[in-house]
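Dear colleague,

Please find below the structure that I am handing over to you. My notes on what was found in it follow directly after.

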Amino acid sequence: MRKQITILDTTLREGEQTPGVSFTIAQKITIARLLDEVGVDAIEVGDPNVSPDAQAFIERAAGMGLAAEIVVHCRACDKDIDRALSTGARRLAIFLATSPAHLSSKFGYSEEEAITAAVRAVEQVRAAGVPVRFAAEDATRTGRDFLLRICAAAVAAGADRISIPDTVGVLTPDDARSLFRKLSSRLDAGLDTHNHNDLGLALANTLAALEGGAGCAHVTVNGLGERSGIVSLAGLAVALKVHYNVDTVAIDGLIELSRLVEEFSGIQVPANSPAVGAHAFAHKAGVHTAAVLKDPSTYEAFPPELLKRERSIVIDKFTGRSAVRARLRQLGLDPDEKCLKKVVAAIKADAGKCSYTDPELLALVREAGPVSATPCLETGCLQP
Ligand code: ZN
């Protein structure tokens, strides 16, 4: 894997294609600024042919003074390209489906007609002096020889980037690696990888594509996108750091971005989502918590501090004495073994209770009997 991987975030295009999601222009501006702050290399801002408000935001985005490259998305047809160019776009990403199913059912094109259409569209953008990325939609269900031919024709016509979307998420990591090895050895253009998560393989396929020679990975915040979405920005950035020591964006800014997009999109981040989920650093079973309190690496793939987060210990029937002792010490209490035994026994006796708040835990301590204590520094009120 190369040390320089670029990240294109498409929350404002692919992400808004999530069912039920529609960002206001003000929300898009806020998201774009935060994406720029964490340092994504490019932001796909939408397709102006979708709606007047999509066009209005794209025109605003061009003047926001962002460091990230602004990419405007549209179909590879004259009318759509003209409108996209009229927004002042400095880069266009045009797409044309190339798989047999799409060619026959969407266009009624032969392969040769598809190549002609792709070349004409690339030339139209280049004639306006604008750099262009060509995406072969449904590339991974396209015959490899034809895929190579149409991409080579787009490059010869002036495309400087080729995007290979796994539009319905059917790649395997081995396929992804070998496909990008082949394309990177034959095409004189940068390669983008865009992986859907229909089979839960989007992150694995993206890493394999990057190993095979892709230089740019497409992501969205919280993995938003059509159907099951695409790769999440946080998931990819953390995996690249942990497995390859490749730095991309500012990882410690990703929680704020995740929470913001969660609020604006109305799509809740699952608690067990890697890196940004509420449970990503929560430990529960007694065996786990006892070990983590001694050495966090026993049950953590990476430290929560990487994302400016904190680990938490869940107190319920799975909890052992070491976890309860650690929690009470955080609250300024130093319980003896007898007290601890009583508190843990009371917790385990109530099997239906999923977690204990600090006041509930302190009530159990009071019931267990006298315990030495120092007042909590923060509140000064946690007396036994
Ligand atoms: Zn997509």
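Which exposed residues does the face of H7 turned away from its buried side carry? They are Asp174, Arg181, Ser185 and Arg186; exposed means over 50% relative accessible area, buried under 20%, and partly exposed in between, with a 1.4 Å probe and protein chains only.

Before the remaining findings, a word on the source. This is a predicted model, in which local features need pLDDT of at least 70 and side-chain atom pairs count only at pLDDT 80 or more, while totals for chains, interfaces and linings use all residues. Residues are numbered from 1 along each chain as its sequence is written, and side-chain values use heavy atoms, with hydrogens and water left out.

Overall architecture

The protein has 14 helices and twelve strands; these are DSSP runs numbered from the N terminus, helices being H or I with at least four residues and strands E with at least two. Of its 384 residues, 51% count as buried. Along the principal axes, the C-alpha atoms fill a box of roughly 85 × 40 × 35 Å.

Helix H7

Helix H7 comprises residues 173-186, 14 in number, and reaches 20 Å from its first C-alpha to its last. This is close to the 20 Å expected at 1.5 Å a residue, the expected span being 1.5 Å times one less than the number of residues. The buried residues of H7 are Ala176, Arg177, Leu179, Phe180 and Leu183. Because they cover an arc of only 170° around the axis, they lie on the same side of H7; the arc is that of the directions from the helix axis to the C-beta atoms.

The zinc site

The protein donors of the zinc ion are Glu14 (OE), His194 (NE2) and His196 (NE2), lying 2.0 to 2.1 Å from it. Donors are N, O and S atoms within 2.8 Å of the metal (3.2 Å for Na, K and Ca), and water is not among the atoms, so sites may look incomplete. Along the chain, the donors follow the spacing E-x179-H-x1-H. Distant parts of the chain are thereby linked: Glu14 is in the loop between strand S1 (6-9) and helix H1 (25-38), and His196, 182 residues apart from Glu14, is in the loop between strand S7 (190-195) and helix H8 (202-212). Glu14 counts as buried at 2% relative accessibility, and His196 is buried at 4%.

Pockets

The largest pocket has a volume of about 560 Å³. On a 1 Å grid over the protein atoms alone, a pocket is an open set of points where a 1.4 Å probe fits, with protein on both sides within 12 Å along at least five of seven lines, and lining residues have an atom within 4 Å of a point. A volume is the space filled by probe spheres set on the points. Of the 27 lining residues, the closest to the centre of the largest pocket are Arg13, Glu14, Gln17, His73 and Glu226. The zinc donor Glu14 is thus also named here.

The second largest pocket holds about 410 Å³ of space. Of its 20 lining residues, Asn197, Asn222, Ser232, Ser273 and Pro274 are the closest to its centre.

Asn222 has a positive phi of about 65° although it is not a glycine. Asn222 is placed in the loop between strand S8 (216-219) and helix H9 (233-244), and at 23% relative accessibility it counts as partly exposed.

Yours sincerely
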